[in-house]
Amino acid sequence: MKLDLLLRNADIITMDERRPHATSLGIWQGRVVGLDEDVYGLDAVEVLDLHGATVTPGFIDAHCHTTWFGLGLAEVDVAAARGLDQLYALLEADMATVGATGEEKTTDQQTGWLMATGFSQTQHGGKFPDIAVLDRITGNRPLFIRHNSGHMAVVNTAALRLAGAESPSFPDPDGGVIVRDAAGRPTGLVQETAQQLIQQLILPYTLDGIEAALDRGTRYYASEGITSFTEAGIGGGWIGHSPVELAAYQRAMANGRLHARAQLMPVLDALHPLDGHGADSAGASGLDLGMYSGFGNEFLSLGPAKVFLDGSLLGETAAVSEAYCSHGHTDNSSNTGYFQADPEALRNRIETAYAAGWSIAAHAIGDRAVDLAIDIITECAEKYGPRTVPNRIEHASITRPEQVVRIAEAGIAVTPQASFFADGGDGMTASLGGERLDWAYRAASFLDAGVTVAGSSDRPVADGNVLRGMQAFVDRRTSTGYVFGNPDERLTPLQALAAYTTGAAAATGTSHIKGALTPGKLADFAVLSGSPLAVDDISGLQVLATSVAGKFTHLTPGLELTHGRPKVLQHIPSDRS
């Protein structure tokens with residue numbers, strides 16, 4: 001047998017308890033075929049001598065927004081601004097570019113709009129942009145600034161006017177709020193479903209634009225060791241970008257522009273009633289042709305249906321059982337957040353999707369929303385049976401002790417993002433206060449209870465770098481150096497690595513093909529400058545190479561081996577075949 005690729009002289013962390021470490025790994029036709037003695041003496045087309053560098057299974061981000069992230073790479077990025085004056089200056093610079101050329105700047109979105117990304121009031125002393133200043137800068141050009149939580153946005157008067165929502169008497173949509181001042185005038189802040197009033201003027205994006213965004217976004221992923229991800233919402237609602245978003249993914253895959261494996265969650269809004277045979281589940285809803293969770297192949301597949309039950313902690317719109325301690329922009333001492341729709345209506349819609357074969361990924365951040373998610377998923381499973389692709393609670397940010405037990409008993413996976421701690425931890429601490437901090441973004445207690453914990457970032461809502469995410473699971477440090485929540489929720493480095501490999505594979509229903517480097521599984525791996533199990537700061541490691549199915553999606557230029565870094569790929573001449 002002649003291997004396609006042989007890794008040797010490596011520190012291989014397999015994530016297989018039966019054989020946790022190896023030094024050599026053989027790959028053939030995109031899969032791992034053996035370790036150490038299994039591949040001893042075998043010839044290979046290519047050999048990579050790693051001289052002690054570390055190899056781990058490829059990282060899996062189990063909850064992110066790749067189209068949004070890729071589009072944002074071509075928009076005005078205000079994430080680095082500190083203080084509103086800096087944010088205004090960035091917008092003015094973009095407007096000046098338009099004025100100098102006489103043409104509107106075009107990227108992948110519709111022309112005519114000024115699109116910005118990466119805003120959070122926490123970077124500006126809790127303040128939101130003044131709509132009067134935004135109007136002065138932008139004039140009649142409509143503006144849409146996405147909040148980095150995704151649960152709110154800042155717009156100008158021109159955008160509100162186009163949406164017909166400028167009047168103080170315009171009603172708030174169900175599950176959303178147009179924030180107004182004391183005189184009833186819009187402040188420019190639109191929360192939750194109110195964003196759709198503006199987004200419907202921009203959407204849909206073109207297939208070409210989405211494909212280009214996927215190319216940009218997944219190239220970035222490859223540079224960070226990410227080989228698989230779950231896109232947490234396509235096809236509709238305020239998180240989707242086009243009713244035909246799946247087609248853009250198919251095109252990107254066919255054209256070699258999708259550089260990581262993708263599992264896609266269609267939002268519940270994208271599903272519709274299916275009229276099948278009378279013997280089929282009555283009132284079931286899904287995608288055309290009856291597709292449901294699990295459809296696809298090893299590179300592109302459908303995951304659970306995504307449903308938003310509540311909002312966000314930073315925006316204080318997540319549904320909690322006790323009022324928030326800080327009031328932020330809401331100025332409401334009894335604020336306990338809200339559901340995105342009537343709970344009974346959500347229950348009925350989720351059941352019709354589950355009946356059609358879909359597993360459910362319920363966005364539930366507050367503990368009231370977590371209660372609703374557990375109740376609905378448990379009832380659906382009892383009525384219609386389990387699903388091959390696990391049911392999930394996305395974020396599960398505030399979970400009371402008894403909820404942890406219920407989640408474990410129901411076999412529901414969770415995706416608590418450690419990436420939120422650095423930038424959002426102090427703000428969430430102020431909002432929650434007291435006893436609830438021990439319930440916030442659990443990790444160790446989930447694992448102790450037997451809950452599957454999937455590593456994820458919610459990118460671009462938060463930092464998507466996996467190595468920094470792993471370190472955040474280990475130390476839980478906020479930007480001011482405090483430990484967020486309960487220190488006992490910190491993970492060991494091995495548990496943190498497992499979250500982004502075996503844990504994420506289990507949560508996405510793909511443990512049989514990925515998450516560990518064992519014979520028969522996909523040859524998806526990352527090469528690191530050191531071992532995440534043996535360094536003081538995991539975030540300081542470098543990703544030297546990334547492979548999907550034995551093909552490098554990222555390879556650091558000039559990899560001549562020094563100080564534990566791998567050498568350049570060595571080609572074995574054909575006369576040795």
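This section describes helix packing, buried residues and unusual backbone geometry in a predicted model.

Two packed helices are described by the angle between their axes and the distance between the axes. The pair α6 and α7 was examined with these two quantities. Helix α6 spans residues 207-223, and helix α7 spans residues 245-254. Their axes lie 9 Å apart, and the angle between them is about 55 degrees. Angles of 65 to 115 degrees count as roughly perpendicular and those under 35 degrees as roughly parallel. The two helices α6 and α7 are therefore oblique to each other. The crossing of α6 past α7 is right-handed. On the α6 side, the contact is made by Leu-207, Asp-208, Ile-210, Glu-211 and Leu-214. On the α7 side, the partners are Glu-245, Ala-247, Ala-248, Tyr-249, Arg-251 and Ala-252. Seven residues of this contact between α6 and α7 are nonpolar and four are charged, with no polar residues.

The loop that leads from α5 (195-202) to α6 contains Pro-204. The peptide bond from Leu-203 to Pro-204 is cis, and its omega is near -5 degrees.

A second helix pair is formed by α9 (residues 367-384) and α10 (residues 401-410). Their axes come within 11 Å and cross at roughly 25 degrees. That angle is why α9 counts as roughly parallel to α10. The crossing of α9 past α10 is left-handed. Helix α9 contributes Asp-367, Val-370, Asp-371, Ile-374, Asp-375 and Thr-378 to the contact. Helix α10 contributes Gln-403, Arg-406, Ile-407 and Ala-410. By class, the contact of α9 with α10 holds four nonpolar, two polar and four charged residues.

Several individual residues were then considered. Ser-359 sits in the loop between α8 (343-355) and β21 (360-364). Its relative accessibility is 0%, so Ser-359 counts as buried. Beyond its neighbours within four places in sequence, Ser-359 contacts Ser-293, Pro-304, Ala-305, Arg-387, Val-389, Pro-390 and Asn-391. With one of these residues, Val-389, there is a polar contact: the side chain of Ser-359 reaches the backbone oxygen of Val-389 at 3.2 Å. Ser-359 is separated from Ala-212 by 147 residues in sequence. In space, the C-alpha atoms of Ser-359 and Ala-212 are 29 Å apart.

Arg-141 also lies in a loop, between α3 (131-138) and β11 (143-147). The relative accessibility of Arg-141 is 8%, so this residue counts as buried. A polar atom of the Arg-141 side chain lies 3.0 Å from the backbone oxygen of Trp-113.

Leu-25 belongs to strand β4 (residues 25-28). With a relative accessible area of 0%, Leu-25 is buried. Residues up to four places away in sequence set aside, Leu-25 touches Leu-5, Leu-6, Leu-7, Ile-12, Val-32, Gly-34, Leu-35 and Leu-517. Leu-25 and Leu-533 are 508 residues apart in sequence. The C-alpha distance between Leu-25 and Leu-533 is 20 Å.

Backbone geometry was considered last. Most residues other than glycine have a negative phi, and most peptide bonds are trans. His-395 has a positive phi, near 80 degrees, although this residue is not glycine. His-395 is part of strand β22 (residues 392-395). The relative accessible area of His-395 is 2%, so His-395 is buried. Tyr-441 likewise has a positive phi, near 45 degrees. Tyr-441 is found in the loop between α11 (420-432) and α12. Tyr-441 is buried, with a relative accessible area of 3%.

A cis peptide bond also runs from Arg-459 to Pro-460, with omega near 5 degrees. Pro-460 is located in the loop between α12 (444-449) and α13 (466-475).

Terms used: Residues numbered from 1 in each chain as written. Predicted model: local features only at pLDDT ≥ 70, side-chain atom pairs only at ≥ 80, totals over all residues. Heavy atoms only, no water. Axes fitted to C-alpha atoms, helices over the stretch in contact; angles between N-to-C directions. Helix = DSSP H or I, 4+ residues; strand = E, 2+ residues; numbered from the N terminus. Parallel < 35°, antiparallel > 145°, perpendicular 65-115°, else oblique. Left-handed = near helix turned anticlockwise from the far one by under 90°. Contact = heavy atoms within 4.5 Å. Nonpolar A, V, L, I, M, F, W, Y, C, P; charged D, E, K, R; others polar. Buried < 20%, exposed > 50% of the residue type's maximum accessible area, 1.4 Å probe, protein only. Polar contact = N/O pair within 3.5 Å; in protein donor to acceptor, adjacent residues only side chain to side chain.
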